Amino acid sequence: DWEAAVGETVAELGGLDLLVNCAGITRDRTLLKMTDDEWQAVIDVHLKGTWLGCQHAVPAMRERGGGAIVNVSSEARHGSFGQANYASAKASA
């Protein structure tokens, strides 16, 4: 939960200066066999998780006058067999 993580960090450390978005999961399956849930799980972790992290961290960083956000992707954005969801998420993040 991003709201709780940012809140606890600010409370314990007095602010937030840096966010690194580096989470990732795989749910490999070929296009015709991949379920909606497998597609969405990867998109939610890679892409939505990055967006939510930024959304909750930026206000805390602004209170301190700035900060840095590092979004980590991978060479997997080019894709491998069975990774349409993973490659799409990495290319988007």
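This passage describes how helix α2 packs against its neighbours, with a closer look at two of its residues. The model is predicted, and every value below is computed from it.

Two packed helices are described by the angle between their axes and the distance between the axes. Helix α2 spans residues 36–63, and its packing can be followed against two other helices. With helix α1, which covers residues 2–13, the axes come within 9 Å and cross at roughly 35°. This crossing is right-handed. On the α1 side, the contact is made by W2, E3, V6 and V10; on the α2 side, the participants are G49, L52, G53, H56, A57 and A60. Sorted by character, the residues of this contact comprise six nonpolar, three polar and one charged.

A helical repeat helps in reading such lists. An α-helix has 3.6 residues a turn, so residues three or four places apart point the same way.

The packing of α2 with helix α3 (residues 84–92) has an angle of about 20°, and the axes lie 9 Å apart. Because angles under 35 degrees count as roughly parallel, α2 is described as roughly parallel to α3. Here too the crossing is right-handed. From α2, the contact draws on E38, W39, V42, I43, H46 and L47, while α3 supplies A84, N85, Y86, S88, A89, K90 and S92. Seven of the contact residues are nonpolar, four polar and two charged. Within α3, the buried residues are N85, Y86, A87, A89 and K90, and α2 is part of what covers them.

One α2 residue from the contact with α3 deserves a closer look, namely H46. With a relative accessible area of 2%, H46 is buried, because the cut-off for that class is under 20%. The H46 side chain also reaches the backbone oxygen of I25, at 2.9 Å.

Further along the chain, M61 also belongs to α2. M61 has a relative accessibility of 4% and therefore counts as buried as well. What surrounds M61? Leaving aside residues up to four places away in sequence, M61 touches L16, D17, L18 and L19, together with G66, G67, A68 and I69. By contrast, G82 is 21 residues from M61 in sequence, and the two C-alpha atoms are 38 Å apart in space.

Taken together, α2 makes right-handed crossings with α1 and with α3, and its residues H46 and M61 are both buried.

Conventions: Residues are numbered from 1 along each chain as its sequence is written. This is a predicted model: local features need pLDDT of at least 70, side-chain atom pairs count only at pLDDT 80 or more; totals for chains, interfaces and linings use all residues. Side-chain values use heavy atoms; hydrogens and water are left out. Helices (H or I, at least four residues) and strands (E, at least two) are DSSP runs, numbered from the N terminus. Buried means under 20% relative accessible area, exposed over 50%, partly exposed in between (1.4 Å probe, protein chains only). A polar contact is a pair of N or O atoms within 3.5 Å; within protein, one must be able to donate a hydrogen and the other to accept it, and residues adjacent in sequence count only if both atoms are side-chain atoms. Axes are lines fitted to C-alpha atoms, for helices over the stretch in contact, and angles run from 0 to 180 degrees between N-to-C directions. Angles under 35 degrees count as roughly parallel, over 145 as roughly antiparallel, 65 to 115 as roughly perpendicular and the rest as oblique. A crossing is left-handed if the near helix is turned anticlockwise from the far one by less than a right angle, and right-handed if clockwise. Contact means heavy atoms within 4.5 Å. Ala, Val, Leu, Ile, Met, Phe, Trp, Tyr, Cys and Pro count as nonpolar, Asp, Glu, Lys and Arg as charged, and the others, Gly among them, as polar.
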